[in-house]
Amino acid sequence: MLQKKKNNAVLVDGVILNGPIMDSKAGEKFVEEACKIIMEEVIQKADDVTGKVCEWRAPETLKQILDLEMRDTGESHQKLLQICRDVIQYSVKTSHPRFFNQLYAGIDHYSLVARFITEALNPSVYTYEVSPVFLLVEEAVIKKMIEFIGWEEGDGIFNPGGSVSNMYAMNLARYKFCPEIKEKGLSGLPRLVLFTSEECHYSMKKAASFLGIGTENVYFIKTDERGKMIPEELEKQVQRARKEGSAPFLVCATAGTTVLGAFDPLDKIADICEKHGLWLHVDVS
């Protein structure tokens with residue numbers, strides 16, 4: 001059954017085609033009111049030192065307050081606006097002047113607006129056709145990051161976090177060492193071994209597990225009293241792996257370890273990697 005709607009939209013078997021799937025005016029009103037709550041309760045209070053960092057509640061209590069049950073029917077706008085207020089009230093205020101964590105640096109009003117725009121436009125940055133502006137933005141940011149490293153040219157990708165970044169790096173190193181893995185898989189490979197610091201990020205073992213290399217094939221190199229990898233110990237472990245008949249292929253150094261903030265001696269480690277033909281990855285935070 002076809003039934004014509006305004007703006008050339010049609011209803012086909014209960015599904016609206018070529019038209020809005022909801023009341024756009026009501027939606028716009030909700031966005032307006034929700035943004036007002038965000039402005040008043042988050043942005044304007046971001047530097048209020050007198051407020052609490054978090055209105056702490058035990059998990060079971062918070063579940064009841066937020067009413068997280070999934071239902072088949074929707075909620076009224078007023079109920080949804082109250083949910084917005086509750087979410088803000090009981091969340092950690094990461095921009096609070098007395099909230100201290102290594103992953104946060106307060107509120108940035110300008111990047112916040114940029115995030116509003118990206119959320120509203122909802123781009124997927126995989127081709128120029130569907131995301132012309134943001135693809136060019138991505139290229140510009142990567143170009144600047146390459147300049148920071150000191151390279152004249154290069155390429156890169158953005159990842160959701162350190163764990164995925166380290167796994168990608170490990171995969172690249174393995175592919176460089178044995179390109180045939182793409183077609184033949186792990187069955188035809190020797191025992192691959194990689195080296196990293198005792199103070200490395202936990203994702204090194206996780207990446208080795210995900211990629212089928214195995215956590216026992218991650219050799220942890222001793223560190224000095226400041227948490228830095230000892231190059232001489234790395235040399236010993238590389239030679240040990242070769243004597244065992246293993247195939248060393250990667251060294252994961254760290255620039256800013258999780259606990260001590262240590263920077264491994266990258267130049268000396270790079271010399272060892274060049275000597276033994278190993279891929280050098282630096283996990284930087």
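A nonpolar core is a set of buried Ala, Val, Leu, Ile, Met, Phe, Trp, Tyr and Cys residues joined through side-chain atoms within 4.5 Å. The exercises below concern a predicted model.

**Exercise 1. Describe the largest nonpolar core and state which elements give two or more residues to it.**

Step 1. The largest nonpolar core has 19 residues. Those with the most contacts inside it are Met-170, Leu-194, Ala-208, Ile-213, Phe-249 and Leu-250.

Step 2. Two or more residues of this core come from each of helix H6 (162-177), strand S4 (192-197), helix H8 (203-210) and strand S6 (247-255). The largest share, 4 residues, belongs to S6.

Step 3. Take Ile-213 and leave aside its neighbours within four places in sequence: Ile-213 is then in contact with Met-170, Arg-174, Leu-192, Leu-194, Ala-208 and Phe-249.

Step 4. Another core, of 14 residues, lies apart from this one and includes Tyr-219, Ile-221, Val-251 and Ile-269.

**Exercise 2. Decide whether the chain is a compact globule or more spread out.**

Step 1. The chain has 10 helices and 7 strands.

Step 2. Its radius of gyration is 26 Å, whereas the globule rule gives 19 Å for 285 residues. The value for the chain is well over that of the rule, so the chain is more spread out than a compact globule.

Step 3. Along the principal axes, the C-alpha atoms fill a box of roughly 75 × 55 × 40 Å.

Step 4. Of the 285 residues, 27% count as buried. The accessible surface comes to about 20,100 Å², and 56% of this belongs to carbon and sulfur atoms.

Step 5. Among contacts with a separation of 6 or more, 62% are between residues 24 or more positions apart.

**Exercise 3. Locate the nonpolar patch on the surface and state which helix gives the largest share of it.**

Step 1. The patch is formed by Ile-38, Val-42, Val-113, Phe-116, Ile-117 and Leu-121, with about 490 Å² of accessible area together.

Step 2. Helix H1 (24-43) and helix H4 (109-121) each supply at least two of the residues. The largest share, 4 residues, comes from H4.

Step 3. Val-113 is found in H4. Its relative accessible area is 43%, which lies between the cut-offs of 20% and 50%, so Val-113 is partly exposed.

**Exercise 4. Compare the surroundings of the salt bridges Lys-63 with Glu-60 and Glu-235 with Lys-275.**

Step 1. The structure holds 16 salt bridges. In the bridge of Lys-63 with Glu-60, the closest N and O atoms are 3.4 Å apart; in that of Glu-235 with Lys-275, they are 3.2 Å apart.

Step 2. Glu-235 in helix H9 (residues 231-243) and Lys-275 in helix H10 (residues 266-276) are 40 residues apart, and the pair links distant parts of the chain. Lys-63 and Glu-60 are separated by about one helical turn, because they are 3 residues apart in helix H2 (residues 59-66).

Step 3. Lys-63 is partly exposed at 46% relative accessible area, and Glu-60 is exposed at 54%. Glu-235 counts as buried at 14%, while Lys-275 counts as exposed at 58%.

**Exercise 5. Place the salt bridge of Glu-69 and Arg-71 within a network.**

Step 1. The side chains of Glu-69 and Arg-71 meet at 3.6 Å, N to O.

Step 2. Glu-69 is exposed, with 55% relative accessibility; Arg-71, with 38%, is partly exposed.

Step 3. Salt bridges link Asp-67, Glu-69, Arg-71, Glu-75 and Lys-79 in a network.

How values were computed: Residues numbered from 1 in each chain as written. Predicted model: local features only at pLDDT ≥ 70, side-chain atom pairs only at ≥ 80, totals over all residues. Heavy atoms only, no water. Buried < 20%, exposed > 50% of the residue type's maximum accessible area, 1.4 Å probe, protein only. Contact = heavy atoms within 4.5 Å. Patch = residues over 30% accessible without salt bridge, like charges linked within 9 Å, V, L, I, M, F, W, Y side chains within 5 Å. Areas by Shrake-Rupley, 256 points an atom, 1.4 Å probe, with all protein chains shown as cover. Salt bridge = Lys/Arg side-chain N within 4 Å of Asp/Glu carboxyl O. Rg over C-alpha atoms; globule rule 2.2 N^0.38 Å.
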